[in-house]
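The following exercises concern a predicted model. Each task is followed by a solution in steps.

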4 protein chains.
Amino acid sequence: MTDNKMALSAVMPSPDQDIELRELPLPELEEGSALLKVELSEVCGTDVHLQRGKLAGVPYPIIPGHVSVGVLEKIHGQIFDVHGEPFHEGDRVTFLDVHETCHQCWHCMVAKASTRCPHRKVYGITYGVEDGLTGGWSEYIYIKPGVHCIRLDGVSSETYMAGGCSLPTAIHAVERADIAFGDTVLILGSGPVGLSAVAFANLRGASTILCIGAPTDRLKHAKLMGASDTLDFTKHTESDRLDWVRSITHGRGADVTIECTGAPQAVSQAMRFARDAGRVVIVGQYTDHGEVPFNPHLDLNKKHLDVRGCWGSDYSHFHRAIDMLRTERGQALWSTIKLDRYTLSQANDALSAVAEARAIKAIIVPSSANSD
Amino acid sequence: MTDNKMALSAVMPSPDQDIELRELPLPELEEGSALLKVELSEVCGTDVHLQRGKLAGVPYPIIPGHVSVGVLEKIHGQIFDVHGEPFHEGDRVTFLDVHETCHQCWHCMVAKASTRCPHRKVYGITYGVEDGLTGGWSEYIYIKPGVHCIRLDGVSSETYMAGGCSLPTAIHAVERADIAFGDTVLILGSGPVGLSAVAFANLRGASTILCIGAPTDRLKHAKLMGASDTLDFTKHTESDRLDWVRSITHGRGADVTIECTGAPQAVSQAMRFARDAGRVVIVGQYTDHGEVPFNPHLDLNKKHLDVRGCWGSDYSHFHRAIDMLRTERGQALWSTIKLDRYTLSQANDALSAVAEARAIKAIIVPSSANSD
Amino acid sequence: MTDNKMALSAVMPSPDQDIELRELPLPELEEGSALLKVELSEVCGTDVHLQRGKLAGVPYPIIPGHVSVGVLEKIHGQIFDVHGEPFHEGDRVTFLDVHETCHQCWHCMVAKASTRCPHRKVYGITYGVEDGLTGGWSEYIYIKPGVHCIRLDGVSSETYMAGGCSLPTAIHAVERADIAFGDTVLILGSGPVGLSAVAFANLRGASTILCIGAPTDRLKHAKLMGASDTLDFTKHTESDRLDWVRSITHGRGADVTIECTGAPQAVSQAMRFARDAGRVVIVGQYTDHGEVPFNPHLDLNKKHLDVRGCWGSDYSHFHRAIDMLRTERGQALWSTIKLDRYTLSQANDALSAVAEARAIKAIIVPSSANSD
Amino acid sequence: MTDNKMALSAVMPSPDQDIELRELPLPELEEGSALLKVELSEVCGTDVHLQRGKLAGVPYPIIPGHVSVGVLEKIHGQIFDVHGEPFHEGDRVTFLDVHETCHQCWHCMVAKASTRCPHRKVYGITYGVEDGLTGGWSEYIYIKPGVHCIRLDGVSSETYMAGGCSLPTAIHAVERADIAFGDTVLILGSGPVGLSAVAFANLRGASTILCIGAPTDRLKHAKLMGASDTLDFTKHTESDRLDWVRSITHGRGADVTIECTGAPQAVSQAMRFARDAGRVVIVGQYTDHGEVPFNPHLDLNKKHLDVRGCWGSDYSHFHRAIDMLRTERGQALWSTIKLDRYTLSQANDALSAVAEARAIKAIIVPSSANSD
């Protein structure tokens, strides 16, 4: 138990500024809330976007870190998992970063599209320092009442963080892809979301999984996650890539293409790489990089194609992804990804490593911060 | 019964040439085939595209006319409807223009996407004069073995032709739109497909149906088919149109948008006019008009949008559309559309009337040809 | 505005006892709650079951009446509809009787099956007098914080109550039936749920709607709601009924059968009346009447049948049903049902009328109670 | 190539009679047909039913054996796979036993339920000796024009036959079960279909797979195919089995239950073992064993359960199952099942071994027949 009243935190003051360390007060816990001592917190591509000011509505200064694992150090009153089991102090848990989904608005209640609920808040992104310890790059996180925690029984913290926020994102995309047994699934992108998408496609019953990405070490990783074959997009033209996909699919294109790149031109390529009457899921376009042209006759209407945007995730994705991690195969797949560890004071280095794709998965270890 | 051996037919010799009348020989009927004496045959926007050479793989010279109604004058052997009931000479029928779907290829048998079967042929489009009387702008049509005929009990020829080939096209699009009870459905386009889409959305349980199109008389027709409100796109900017849709949908956009225009820019508009987590069906892009830009972040990924190309139709769409026409409400809706009748020798005028949107529905009446 | 502090209420003291009138105190309103002055409240088959003690977990004494319409007389703080529009005192509204769906449990969050959330409470059924004015057979209802109200703009109170609690129940069943355009839909039962199911099937694009029920006047009503044909089950054996359905469906059986009877034997009949590869929805078995035999080979496996139980409803069903009522056709269909009105002191008579199927729709009008 | 004109075949003369060997003439091949030299042919539970006369419409005498693998010895003209690739003499193939699906009837064309097409014929079951060499317990099989063959590249004949006809049956059932990532799937039955269902559930993304069956060696096999845990139904009451399932599922029951037993009472158990709003697939009831009682309120309606009969399979199931067998994991799973081999003259012994559950998978090896 912390004996002082402050938590060392890495704060992003505003876009285009360095992360700085601050001592922030521990919260007064209200009924149904808890204090989580952070063991590991993720450094994600979104954090790079945050530092570059690419996301709208971010209340800087913020404590980044939307996916974290730690130990419940103090609970005020009782908090429960979805099975109705109470959490205890000392439990090792993670929690769904998305909170305050309202369950009152039209999107939640009529459209049943809660990932578009306008009231959602996200730890490490849309909560700011003003809201308290609401990001993972800190010794402690304030678990607000109603936040969904989940125990990590049977999953090591390292294996869980190897997936991190790509787990709910990728499982949602793969769920939305409606993969059928024996399908050929093409993943565009070999970043964390692309790699997890490869693994989930593998677990879902695809018989052939192709990955187009870069650099070489990530493509090697894609094979460890279950890719049948890979292609380095920096070494092949779009036309070559299309030929490659068609050569593997009797000339037809992929049954399912999942775009996880972040590059707008990958969206129209995804449509061209798909077979007639196939499905394309777009999950890589989380920031605005402008417009891209496509041919609605050839790439969409005549193809009888389904193109599905995929935004965010809800508790079910988070829960089911962790259930998959608990399986022997899930553990084997994600434990192939090694973590690059950084202290709180090395947060700027961690962001650079992610921005430059030097690390597959960079992680902040707040407890090592004191030793700096 | 015809006492001579020839049928007067309107032939499209090649792109950009006038239709010309030819006397063509009646076929020798083989087992399971029939001869249909044509009562009415449709002049459709696709026929205008055919004359302009906009479709690939057309074996000119052809007899246009893919949707027709007539009387079975002669049957060789037996032919049956899907219920196993035999047809008799004298039955008034229509037939599915698409034939030779193979039921042997991967698209038919594994993907179950028979509208993308590469072996399909279409009366009036991909059959040529060399194949015999395979288009409706003729006194007679040769009904090949295996062609799906359907009786028109309870539906007048006029009401059926008022829908014509827009019936299976629009019912397929509306089926693919997954309309829920109470949805707001936005139809882009007020041509035959747009009008039939309005009617089917109406029959499907949408509570609000909006139509953006032109000209004024077609928008009036959209209201007769069930549109709650309409907007003339020639008189409002895209921004005004978006404001209009949002003003009716609590600021959210349409639950479902069905694009039936033929204009590529309508595709990206359809995406912008849709609500978050809504559905967009693209059914108007039957010919290639080049590329159009869109924003994959704002219009697709962040919106969590479903965009669905819709190509062709199969027998089920044809059958179900006619079943809907048999209902009291179906009859009431489509009988609001009046036919503009043309003889075979007026086929060029009919094409002009369609090309210039002067007629909502132009029809060739081959039996009146002789009196010219 | 009420000038005293008490509300006259019809209380069901315990099973098998008469309803009695009581004066109950008006609640202290807490933030986000409201007081509804009741205009009309439904007497439903469930209320008969409640009086007979057929439902488990009912906290007698209770104020029955789960579906009501009235005027918001007093609001404490602010309450909003799902569009974010505030309610005002004087607004005429109804509200979703189901409350306290938790949005925290496994059923809500992982299975997305909120109608099976174990924390749900229902006005007029699982709230008791101890919980305050929580049933509609009363001058006032206490609208707890978070209860979903909805305005009835464009719908008369009478038309809404003509549907009453059958609206969300039947729309849910029809939604779950996946009716396709042109389907033949068979409704078993001609009580309120059966009649509303006929109407929703009609609005959904079925081309033929059959209803088997009794007595004669209800079957006449089924035709007003859109049934193509009806059969009185009291006058025909099961075998005759099957022959009747098959004679209308080319020998195949109904595409969709929706069971709304309450009689267990109707469940196995529903399976037999369905066509191969059809769908059966079971929505009439709200109380336990014991076991019934069926043949799993003939009636289920060989038939490749889908049988779907349908329990309760969520806010979306309630919202969408009222959106359908706002349409011209919705109004026309439900306004064919006339209300039988009873004062609070006539509640026992109202229950008898429903139990004996003398009234299609019995309604309590609390404001007329004082004049007794 | 065979140099004589006769094929030794094991013929089932009529129900309740021993199999007898007959020399039958090789067929004259017509255009698009072929002669398959049989390597291995399955002995399936259905063959036991055939011998006991439990199936309707069987044209005895027949040559049993509906799933076989062999070598194309002679092809008349050309035959193609679904990719349009021609088969060559010498290719090792299997073929879909179901033939003559008509693609003309209402079930095929409107309902898209081709497994209920009344025109289907099945090799080894509904073809008789009169139709030629139409069963696999023979040196040769006559591959009629239009029969769907498939190459077994990358799959050994042994591994393929280890699955045999349980492959399309089980993959269809698992496809129909709509398994979600992380689901708990309960398989009732540990015969060939049950074991393959365990494997496909494993490949589909279930995180927990339970199997209730018998005897012990089959339950051991279920674990090799991916079952997390098993229970011997002969040693536990139904109540104990229910407790066991609930103890593993937080008291809720299985997300998905797939019944593969053949025992009617397993159908109502499957409904009780399922969780609220779960799915139950019934695939074990291929013969008529009479009625069984269930409680429609408790087991179906209140549970909001989906119960889905699953009959037969189509080409897609066959194709996709073999694609799964080609994967490394597919091969690993099914290669755990060892074949018990029998000559043609030992066919009666093979049937007994299957009837008494002594063999998991009995196989006829026709080429070894001559050495008897």
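**Exercise 1.** Determine how many of the nine residues of helix α8 (residues 265–273) of chain D are buried, and list them.

*Solution.* Step 1: a residue qualifies as buried if 20 or more other C-beta atoms lie within 10 Å of its own. Step 2: by this criterion eight of the nine residues of α8(D) are buried, and the helix is mostly covered. Step 3: the buried residues are D:A266, D:V267, D:S268, D:Q269, D:A270, D:M271, D:R272 and D:F273.

**Exercise 2.** Describe the side of chain D that touches chain C.

*Solution.* Step 1: the contact involves 37 residues of chain D and 37 residues of chain C. Step 2: on the chain D side, two or more residues each come from β14 (274–282), β15 (292–294), α9 (296–301) and β16 (306–309). Step 3: α9(D) supplies the largest share, five residues. Step 4: sorted by class, this side has 18 nonpolar, eleven polar and eight charged residues.

**Exercise 3.** Establish how chains C and D are related, and which residue of chain D comes closest to the rotation axis.

*Solution.* Step 1: a turn of 180° with a shift of 0.0 Å along the axis lays chain D on chain C with an RMSD of 0.0 Å. Step 2: the two copies are therefore related as by a two-fold rotation axis. Step 3: D:P293 comes closest to that axis among the residues of chain D, with its C-alpha at 2.0 Å. Step 4: strand β15 (residues 292–294) of chain C is joined to β15(D) by three bridges, and the two strands run antiparallel. Within this pairing, D:P293 is the bridge partner of C:P293. Step 5: the copies meet through the same surface, because 100% of the interface residues of chain D are also interface residues in chain C.

**Exercise 4.** Identify the residues with the most contacts inside the largest nonpolar core, and give the surroundings of B:I187.

*Solution.* Step 1: the largest nonpolar core has 489 residues, and those with the most contacts inside it are A:I187, B:I187, C:I187 and D:I187. Step 2: when neighbours within four places in sequence are left aside, B:I187 is in contact with B:G194, B:A197, B:V198, B:A201, B:I209, B:L210, B:C211, B:I258 and B:C260.

**Exercise 5.** Assess the compactness of chain A.

*Solution.* Step 1: chain A has twelve helices and 18 strands. Step 2: its radius of gyration is 21 Å, close to the 21 Å that the globule rule gives for 372 residues, so chain A is as compact as a globular protein of that length. Step 3: buried residues account for 61% of the 372 residues in chain A.

Methods:
Residues are numbered from 1 along each chain as its sequence is written. Chains are lettered from A and ligands numbered from 1 in the order in which they are written. This is a predicted model: local features need pLDDT of at least 70, side-chain atom pairs count only at pLDDT 80 or more; totals for chains, interfaces and linings use all residues. A residue is buried if 20 or more other C-beta atoms lie within 10 Å of its own, exposed if 12 or fewer, and partly exposed in between; C-beta atoms are placed from the backbone. Helices (H or I, at least four residues) and strands (E, at least two) are DSSP runs, numbered from the N terminus. Two residues are in contact if their C-beta atoms, placed from the backbone, lie within 7 Å. Ala, Val, Leu, Ile, Met, Phe, Trp, Tyr, Cys and Pro count as nonpolar, Asp, Glu, Lys and Arg as charged, and the others, Gly among them, as polar. Two strands pair if DSSP finds at least two bridges between them. Copies are superposed by least squares on the C-alpha atoms of residues with pLDDT of at least 70 in both. A nonpolar core is a set of buried Ala, Val, Leu, Ile, Met, Phe, Trp, Tyr and Cys residues joined through C-beta atoms within 7 Å. The radius of gyration is taken over C-alpha atoms; the globule rule is 2.2 Å times the number of residues to the power 0.38.
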